Amino acid sequence: MSNIKEYNDLMAFHPGYYVAEIIDDMQMSQAEFAKRLGTTAKTISQLVNGNCAISKDLAQKLASMLGISVEAWLNLQKEYDLKVMEIKEKERIDSQICIAKLINYSFFVNVANLPKTKKWEEKVINLCKYLKVADLNLLKSRDFLVNFRSGISDTTEKNIINAQAWLQTAINLADNLRGNKYDAEKLKSYLPEIRSMTLEKPEMFMPRLHEIFEECGVTFVLLPYLKNSGINGAVRWFNDEEVLLAMNNRNTYADVFWFSLFHEIKHVFQKKHSMVFLSADKCFDLIELNQMLEYDADAFASNCLIPPKEYKEFLKNQNITRSSIKEFAQRIGIHPGIVVGRLQHDGNLGPDCYHDLRPHYKIVV
């Protein structure tokens, strides 16, 4: 261990550094100095090499022998300790810059009002505080907020870091919105009204959607998409009576939005407290879930939006044309874009066929 600590332009001088200089100036060995001081040669060796701190007893002996006050020696030790802490903190922050560079900081400026800055050290400090972590490296852990599958290469470290950051952002925003206790029966009773909102524009249905979720004890958070997170939606329980349903507003075609919303609602109904449900891109390695719960959520969303019996009859008895799609959608009380999206997903229409019937929402969050 050295009696000088250095990191970049920071330097910390251990009191033993000055003791070593004094011993040299007095032209005596450490052993002789130790005898005159009334301590052991081992103690002086540890001191001059920066391996031990100056105690009050040692400070008093040095003061008596050298005429330098006790306070001066103790202050040297205090200043050294503080400078070492500063160096360690600088090293710790610098070790997190590589993680901060994987995160789109401007997202948090816009969503969480974090201060604008070009300094990476400040970005690290601001992100740690907002994401409620002591070290951004914790976001790399596959089981920090979500249990990610292991042994599969599709999920990159960047995906994991940003997925955790997006989810924590949703949790932070939910903390200011949580209120009523979750009421499953009330939420079920509102499903027909929520479904009917597919015929409205976002500026009409979004306020009412928030009202319904709040009344049912579901904290609904709509966020912008965080680059590289791969996350489109999430459901997380805080306790037996409080649940978060979070979604992002990326690529918000009407059919995608409503399918995703009903999918997440089903995860709320499933009420798996120990799980965090994430809806993610196909290229993203999802958390390790019981796949039956995912299939169940998909089926729930599909069947709520388009009743399976009516859909089957439509495919059986109709030629799929623009007019037949509109007529079918009107008959079942849903936006034709949702029918188009379902037909495309099932392979009954080409990916660009009647694409103009699928409105693209501009949801401001």
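Which strand does asparagine 248 lie in? In this predicted model, the answer is strand 5, a stretch covering residues 242-248. Asparagine 248 has a relative accessibility of just 4%, and because anything under 20% is taken as buried, that is how this residue counts. Its side chain has a polar partner too: it reaches the backbone oxygen of isoleucine 231 at 2.6 Å. Leaving aside residues up to four places away in sequence, asparagine 248 touches Ile231 and Asn232, the run of Leu222, Leu223, Pro224 and Tyr225, and also Trp166.

Moving to the helices, a pair of packed helices is described by two things, the angle between their axes and the distance between those axes. For helix 1 (residues 15-25) and helix 5 (residues 70-100), the angle comes out at about 130° and the axes lie 8 Å apart. Angles from 65 to 115 degrees would be roughly perpendicular and those over 145 roughly antiparallel, so helix 1 ends up oblique to helix 5. On the helix 1 side, the contact is made by Pro15, Tyr18, Val19 and Ile22, which meet Trp73, Leu76, Gln77 and Tyr80 of helix 5. As for chemistry, the residues of this contact split into seven nonpolar and one polar, with no charged ones.

Pro15 also serves as a reference point for glycine 38, which sits in the loop between helix 2 (30-37) and helix 3. Glycine 38 and proline 15 are 23 residues apart in sequence, and their C-alpha atoms are 18 Å apart in space. With a relative accessibility of 48%, glycine 38 counts as partly exposed.

Then there are the cysteines. How many disulfides does the model hold? The count comes to zero. Cysteine 216, for one, is in no disulfide, and the nearest cysteine sulfur, belonging to cysteine 304, is 14 Å away. Cysteine 216 is also buried, at 0% relative accessibility. Cysteine 353, on the other hand, is partly exposed, with a relative accessible area of 29%.

Cysteine 52 turns up in the loop between helix 3 (41-48) and helix 4 (56-66). Not counting residues up to four places away in sequence, cysteine 52 touches His14 as well as Thr43, Gln46 and Leu47. Isoleucine 320 is another matter: it lies 268 residues from cysteine 52 along the chain, and the C-alpha atoms of the two are separated by 84 Å.

Methods
Residues are numbered from 1 along each chain as its sequence is written. This is a predicted model: local features need pLDDT of at least 70, side-chain atom pairs count only at pLDDT 80 or more; totals for chains, interfaces and linings use all residues. Side-chain values use heavy atoms; hydrogens and water are left out. Axes are lines fitted to C-alpha atoms, for helices over the stretch in contact, and angles run from 0 to 180 degrees between N-to-C directions. Helices (H or I, at least four residues) and strands (E, at least two) are DSSP runs, numbered from the N terminus. Angles under 35 degrees count as roughly parallel, over 145 as roughly antiparallel, 65 to 115 as roughly perpendicular and the rest as oblique. Contact means heavy atoms within 4.5 Å. Ala, Val, Leu, Ile, Met, Phe, Trp, Tyr, Cys and Pro count as nonpolar, Asp, Glu, Lys and Arg as charged, and the others, Gly among them, as polar. Buried means under 20% relative accessible area, exposed over 50%, partly exposed in between (1.4 Å probe, protein chains only). A polar contact is a pair of N or O atoms within 3.5 Å; within protein, one must be able to donate a hydrogen and the other to accept it, and residues adjacent in sequence count only if both atoms are side-chain atoms. A disulfide is a pair of cysteine sulfur atoms within 2.5 Å.
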